Amino acid sequence: MPELPEVETVRRGLEPVLVGRRIERATILDSRLVRPFDPAIVAAELEGERVAAVERRGKYLVVRFESGRVLLIHLRMTGSLRHDPSGALPDDPHRRAVLNLDNQSDVAYRDVRRFGTWELFEPDELEDYLARRLGPEPLTRLTSERLGARLAGRRTTLKAALLDQRTVAGLGNIYVDEALWYARLSPLRPAGSLNAEELTRLLRGVRRALRLGIARQGATLRDYATPDGERGAMQREFRVYGREGEPCDRCGRPIAKTRVAGRGTWYSPDCQT
Ligand SMILES: [Zn+2]
């Protein structure tokens, strides 16, 4: 499932090909993508819009139009976007939408599991919508004090609290496990039990894992690809995720796997306390 580094990589790939372009034709092939709205109506609303900016908030892609309207895209489990400069993308049974741009290039949306969403917002509707769902951006808006305030008093596990998008925006199963390894903190700790020094370590760990993920253009385990069709390379950098039984790069003891918050969770019990 794409997390902040994967979505940021997609954003960076789309920004130069979308900004300044006008959507000449939009085709929405799967009604699930825009429900409860009619795909033909959403497609008609998109036609004629010119892209002013491509931003990211948490795991959402935020496509801002010059009209002030916004297309909010969430890739969920298996969504991906592909750009073709010549407008000649090969057939794809999992294609769910296509935008034909005014320079004859295309952007196509593919989604095998079909959990992704496209939502069109009128000007000024978006900020409240996002504020209700998302905590601060970990790379820019978060401090260890703010993180501490969001974890204070919570008896749930640290892993579960960090998966909650209202705590910090953009983290998912992979980057929470990697961040906790860098921070030397156990995913099983009660979320409200961290002292100031541990909160500082946690924020640094989160940033280190996310920045490495962005530098490696995300992790490709199955479906994820950049808009150029490239695979990410973050999976080669995993310190704990998916590495049960392998020696920890820090203490040499075996990495353990458990389940926390219903999710497979990897950590080094000997150096994450
Ligand atoms: Zn270790």
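Visitor: Which residue in the turn of the β9 and β10 hairpin has a positive phi?
Guide: Quick ground rules: this is a predicted model, where local features need pLDDT of at least 70, side-chain atom pairs count only at pLDDT 80 or more, and totals for chains, interfaces and linings use all residues. Residues are numbered from 1 along each chain as its sequence is written, and side-chain values use heavy atoms, with hydrogens and water left out. Strands here are DSSP E runs of at least two residues and helices are H or I runs of at least four, numbered from the N terminus. The β9 and β10 hairpin has 2 residues between its strands, and the one in the turn with a positive phi, about 55°, is A261.

Visitor: Over how many bridges do β9 and β10 pair?
Guide: Two strands pair if DSSP finds at least two bridges between them. In β9 (residues 256-260), A256 sits opposite Y267 of β10. The sense is antiparallel, and the bridge count for β9 with β10 is 5.

Visitor: What geometry do the 4 donor atoms around the zinc ion make?
Guide: Donors are N, O and S atoms within 2.8 Å of the metal (3.2 Å for Na, K and Ca); water isn't among the atoms, so sites may look incomplete. The protein ones here are C248 (SG), C251 (SG), S268 (OG) and C271 (SG), at 2.2 to 2.3 Å from the zinc ion, and their sequence spacing is C-x2-C-x16-S-x2-C. Four donors pass as tetrahedral if all angles lie between 85 and 135 degrees. Because the angles subtended here are 100 to 122°, the arrangement is tetrahedral.

Visitor: Is C251 buried or partly exposed?
Guide: Buried means under 20% relative accessible area, exposed over 50%, and partly exposed in between, using a 1.4 Å probe and protein chains only. C248 comes in at 5%, so that donor is buried. C251 has a relative accessible area of 32%, which makes it partly exposed.

Visitor: Why is β4 called largely enclosed by the rest of the structure?
Guide: Look at both faces of β4: V70, L72 and H74 on one side, L71 and I73 on the other, are all buried. The strand spans residues 70-74, and it counts as largely enclosed because the buried residues number 5 of the 5.

Visitor: Which residue of β8 is the bridge partner of I73?
Guide: β4 has two antiparallel partners to consider: β3 (residues 60-65), over 5 bridges, and β8 (residues 117-121), joined by 5 bridges. On the β3 side, V62 stands opposite L72. Over in β8, I73 is matched with W118.

Visitor: In what order do the 4 strands of the open sheet run?
Guide: The edge strands, pairing on one side only, are β1 (23-28) and β5 (79-84). β5 pairs with β7 (residues 106-111) over 6 bridges. The pairing in the sheet is antiparallel, and the order is β1-β6-β7-β5.

Visitor: At about what angle does helix α1 run to β5?
Guide: Axes are lines fitted to C-alpha atoms, for helices over the stretch in contact (heavy atoms within 4.5 Å), and angles run from 0 to 180 degrees between N-to-C directions. Helix α1 (residues 4-18) lies across β5, β6 and β7, and its angle to β5 is about 35°.

Visitor: How many residues does the largest nonpolar core have?
Guide: A nonpolar core is a set of buried Ala, Val, Leu, Ile, Met, Phe, Trp, Tyr and Cys residues joined through side-chain atoms within 4.5 Å. L162, one of those with the most contacts inside the largest core, touches V168, L171, V176, L180 and L202, not counting residues up to four places away in sequence. The residue count of that largest core is 38.

Key
Four donors count as tetrahedral if all angles lie between 85 and 135 degrees; four count as square planar and six as octahedral if opposite donors are over 155 degrees apart and all others between 65 and 115; anything else is irregular.
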